[in-house]
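The following explanation leads the reader through a single protein chain, from the confidence of its model to selected details of its backbone and packing. Please keep the sequence and the structure in view while reading.

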Amino acid sequence: MARRDIGTDDPRVRVRPGRGSRPRTKQRPAHADAAEGMVTRIDRGHYRIRLADPSPTLDGTGDITAMKARELGRGKIVVGDRVSVVGDLSGRDGSLARLVRIEERASLLRRSAEDGDAAGTERPVVANADLLVIVTAVADPEPRPRMIDRYLVAAYDAAMEPLLVLTKSDLADAGALLALYEPLGVRSLPTRLDPASRAEASRAGEGADAVREAIAGRTAVFVGHSGVGKSTLINALVPGADRVTGQVNEVTGRGRHTSTSLQALELPGGGWVIDTPGVRSFGVSHVSSADVLRGFPDLAAVAEDCPRGCTHEAGVIDCALDDWAAGREPWEADGASPGRRESTGREAEMEARAARVDSFRRLLAPSLEAEDPTKPALR
């Protein structure tokens, strides 16, 4: 190894060695004493966290603010994540804890971007929720079944139970809309909540009791496009929530965005409501058609008899779903046992099967469109 030139031969001269490039150790502290909590809000890199044990905080609420530790990298943290924090857990103004660990997620609600350069990019929305509450108005603005279908696809992909809540049910008949989702077994709750009457406390609570009972003790994510009364419903469920409400534009018939960020609100008596901003689109291109099928175990079992590569669309040759919907069981493929199909109640069963297959194919459409962009989009 060549001797370093220090500009002199005098052995008394000692030169400080240059700064080395020693790599950082890969060992990280275990943070065994870290406190656990849930992310309730995210604001410009600051994470609002509700501690599982509120005793460390000065006010006893368990709410603290934290920054993400560098060792976590660029991984996305979302509302609902269970995390571990260290540092200042006092909760006093200006204090910051350090978020050092993200626990394994039980579920993750995702959506896909549909516009601009980020189109098709998968985006996590909420973690560890078990109920997706789809809020839609029966009228003013008009319901959008295609949007509801996409929410259902996202719910099945995240292994979350969907609940359809219909607002303003006193303005129009909800029967036609409910008929679209009854074959899928989606629970629905009509309410009369109307943002226009939010000043009337008695009216604001009308219909909310059934929703409150359905979500008690659970972590429920509320979704819906702008103007359907989502914020009004949350204000009725969570006293003091003070979510901003708005009116439907009389010219466009669309609602105005009021909620601008996700926030988790604790329910009296246990459970959480997670409010999401109103959106006008909800991409599900990240969900494959096979993933949609797995959300329907009965149809998935029938589809095992389909030819390889079957898309299960209407009109596809030899799709087993058509035979099942028509009542042609495997032993009846040759046309035998016609009397079985004429038995009491058989006709009603076949109607229910056909409606379920039609509803499933409607949910399948967005995923098939994403897998094959040449297909004409259904709106």
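**Confidence and local detail**

Over residues 331-341 the pLDDT stays under 50, and for this stretch the model has 12 contacts beyond four places in sequence. The structure is a predicted model, and such stretches should be read with that in mind. A second stretch, residues 195-204, likewise has pLDDT under 50 throughout, with 17 contacts beyond four places in sequence. Among the elements of the chain, helix 3 (residues 201-204) has the lowest mean pLDDT, 46, whereas strand 11 has the highest, 96. For the chain as a whole, the average pLDDT is 81, and 78% of the residues score at least 70.

Strand 11 (219-223) is a suitable place to continue. Between this strand and helix 5 (230-237) runs a loop that holds glycine 227. Glycine 227 is buried, its relative accessible area being 16%. Its C-alpha atom is separated by 8.8 Å from that of threonine 136, although the two residues are 91 residues apart along the chain. Beyond the loop, helix 5 is mostly covered, with seven of its eight residues buried. The buried residues of helix 5 are Lys230, Ser231, Thr232, Leu233, Ile234, Ala236 and Leu237.

Attention may now turn to the loop between strand 8 (131-137) and helix 1, where proline 141 lies. Aspartate 140 is found in the loop between strand 8 and helix 1 as well. A cis peptide bond joins aspartate 140 and proline 141, with omega at about 5 degrees. Aspartate 140 also has a positive phi, near 55 degrees, in a residue other than glycine. Both features merit a closer look because most residues other than glycine have a negative phi, and most peptide bonds are trans. At 42% relative accessibility, aspartate 140 counts as partly exposed.

Arginine 44 is another residue with a positive phi, about 50 degrees, although it is not a glycine. Its place is the loop between strand 1 (35-43) and strand 2 (46-51). Arginine 44 is exposed, with a relative accessible area of 77%.

From the loop at proline 141 the reader may follow the chain into helix 1. Helix 1 (residues 145-157) packs against helix 10 (residues 346-371) at an angle of about 80 degrees, and the axes of the two helices are 9 Å apart. Helix 1 and helix 10 are therefore roughly perpendicular to each other. On the side of helix 1, the contact involves Arg146, Asp149, Arg150, Leu152, Val153 and Tyr156. These residues meet Arg362, Leu363, Ala365, Pro366, Ser367 and Glu369 in helix 10. By class, this contact of helix 1 with helix 10 has six nonpolar, one polar and five charged residues.

The cysteines remain to be considered. How many disulfides does a search of the whole structure find? The search finds zero. A disulfide is a covalent bond between the sulfur atoms of two cysteines. The sulfur of cysteine 310 has its closest cysteine sulfur in cysteine 319, at 3.9 Å, which is too far for a bond. The cut-off for a disulfide is a pair of cysteine sulfur atoms within 2.5 Å. Cysteine 310 is buried, with a relative accessible area of 15%, and cysteine 319 also counts as buried, at 2% relative accessibility.

Key. Residues are numbered from 1 along each chain as its sequence is written. This is a predicted model: local features need pLDDT of at least 70, side-chain atom pairs count only at pLDDT 80 or more; totals for chains, interfaces and linings use all residues. Side-chain values use heavy atoms; hydrogens and water are left out. Axes are lines fitted to C-alpha atoms, for helices over the stretch in contact, and angles run from 0 to 180 degrees between N-to-C directions. Helices (H or I, at least four residues) and strands (E, at least two) are DSSP runs, numbered from the N terminus. Angles under 35 degrees count as roughly parallel, over 145 as roughly antiparallel, 65 to 115 as roughly perpendicular and the rest as oblique. Contact means heavy atoms within 4.5 Å. Ala, Val, Leu, Ile, Met, Phe, Trp, Tyr, Cys and Pro count as nonpolar, Asp, Glu, Lys and Arg as charged, and the others, Gly among them, as polar. Buried means under 20% relative accessible area, exposed over 50%, partly exposed in between (1.4 Å probe, protein chains only). pLDDT is the predictor's confidence in each residue, from 0 to 100.
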